[in-house]
Amino acid sequence: MEEEKFRQILDRYIAGEATPEEEAWLESAYINWNSKEQNTYSESFLKAGKDQIWETVSKHTKPSRKISKLLFPLLSAAALIIISMVGIVIYKQNQRKTDLTNIPAFKDIKPGKDRAVLVLANGTKINLDEINSGHLADQTGVSISKTADGQIVYTVPAQENEAAEMQYNTIVTPAGGQYQVNLPDGTKVWLNASSSLTFPTSFAAERSVTLKGEAYFEVSKISAGGKRIPFYVESTNQKIEVLGTHFNVNAYADESSTKTTLLEGSVQINGKVLLKPGEQSRLQGESIKVTVVNAEDYIDWKNGDFILEHNDFRSVMRKIARWYDVEVIYGDDAPKKLNLGGWISRSKNISSVLQLMEQTGKVHFKIEGRRITVTK
């Protein structure tokens with residue numbers, strides 16, 4: 001590939017103007033460098049390319065960051081030569097034809113979006129993605145509204161807080177959906193796809209919610225009589241006690257363990273394990289194992305990304321199935337483990353995500369309607 005052409009593609013990628021094909025090509029180059037399948041590249045290209053070029057590019061092109069085009073001309077002439085040489089190698093490596101190349105737009109599968117159903121205490125169901133912002137309902141003095149940016153907010157007047165009747169609501173996200181709800185005590189909760197949260201409309205008596213699936217919590221700190229009022233999150237075989245903190249809980253029934261990842265503050269798991277920021281507990285049966293992790297990697301979904309590195313392949317496929325609302329079928333030769341690396345935005349169509357993984361050369365995907373077949 002000519003140096004100037006490679007520069008133009010990279011420049012458009014940094015500016016957010018690259019085509020889906022160009023984005024997939026550049027991201028596949030990055031994921032290959034982060035995998036152990038590196039034999040197709042010479043050591044000199046790996047060291048110079050990754051350390052001097054791609055590390056900088058990957059750092060500055062996350063969707064949540066805005067990068068000026070002025071950054072690119074600052075690369076040295078020597079670095080541009082390296083980019084050109086590496087670009088030629090990668091371009092030749094990625095010429096393989098796959099079923100995902102140039103897939104018609106009408107056959108591709110779009111990503112999930114803000115979708116949820118709110119089930120009130122009396123059984124009334126409110127389809128939240130079909131309703132504009134404004135007041136939704138009243139329940140024994142509790143006002144429920146939807147903000148302009150799509151959040152559900154519960155408001156309990158101070159004078160009615162103690163007298164409010166204990167009722168429970170449930171917010172449910174389908175496959176291909178996510179949602180944010182602000183609870184009556186000010187706690188913010190982000191629900192991932194295929195999840196549900198049951199909670200009281202008033203926290204006068206206790207602060208306790210029940211989770212199925214995955215959610216990220218920012219728990220508000222509330223005190224009474226000089227003591228902090230705890231917040232409890234219950235899921236299958238697990239009860240978390242919180243005193244105001246930020247954490248993520250992954251409690252899907254089809255995962256091998258329930259994972260609680262702490263970003264800020266402290267939480268206690270089942271009354272016996274205390275987590276510190278940057279730690280994760282994994283509950284399997286009665287056993288709880290605590291490890292140190294990069295906590296940000298476990299809220300990738302909340303930040304709009306799939307982080308592939310250090311993630312089990314089948315677990316990644318379950319994430320994809322939930323977010324794109326698809327069925328995944330594995331062939332007899334489909335890999336159970338696969339070394340992945342890098343990240344990709346959850347805002348992309350499914351073909352871009354799958355094509356990125358195909359660049360490892362170890363897996364192949366076929367899209368038929370909403371069914372994804374995985375083979376070697």
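Visitor: What is the relative accessible area of E327?
Guide: Buried means under 20% relative accessible area, exposed over 50%, and partly exposed in between (1.4 Å probe, protein chains only). E327 counts as partly exposed. Its relative accessible area is 39%.

Visitor: What kind of model is this?
Guide: Residues are numbered from 1 along each chain as its sequence is written, and side-chain values use heavy atoms, with hydrogens and water left out. Local features need pLDDT of at least 70, side-chain atom pairs count only at pLDDT 80 or more, and totals for chains, interfaces and linings use all residues; the model is predicted.

Visitor: How many residues apart in sequence are the parts that R371 and E327 tie together?
Guide: R371 forms a salt bridge with E327, with the closest N and O atoms 3.4 Å apart. The term means a side-chain nitrogen of Lys or Arg within 4 Å of a carboxyl oxygen of Asp or Glu. R371 lies in strand β26 and E327 in strand β23 (strands: DSSP E runs of at least two residues; helices: H or I runs of at least four; both numbered from the N terminus). The pair therefore joins parts separated in sequence by 44 residues.

Visitor: Which helix does the R322 and E255 salt bridge tie to a loop?
Guide: The two side chains meet at 2.9 Å, N to O. R322 is buried at 9%, and E255 is buried at 11%. E255 sits in the loop between β16 and β17, so the pair ties that loop to R322 in helix α5.

Visitor: Which residues share a salt-bridge network with E255 and R322?
Guide: The whole structure holds seven salt bridges. In the network, E255 and R322 are linked with D254 and R318.

Visitor: Which backbone nitrogen lies 3.4 Å from the T245 side chain?
Guide: T245 is in the loop between β15 and β16 and is buried at 1%. A polar atom of its side chain makes the contact (N or O atoms within 3.5 Å, one able to donate a hydrogen and the other to accept it; residues adjacent in sequence count only if both atoms are side-chain atoms). The nitrogen belongs to G265.

Visitor: Which strand gives the largest share of the largest nonpolar core?
Guide: A nonpolar core is a set of buried Ala, Val, Leu, Ile, Met, Phe, Trp, Tyr and Cys residues joined through side-chain atoms within 4.5 Å. The largest has 39 residues, with I171, L197, F217 and F247 having the most contacts inside it. Four of its residues come from strand β11.
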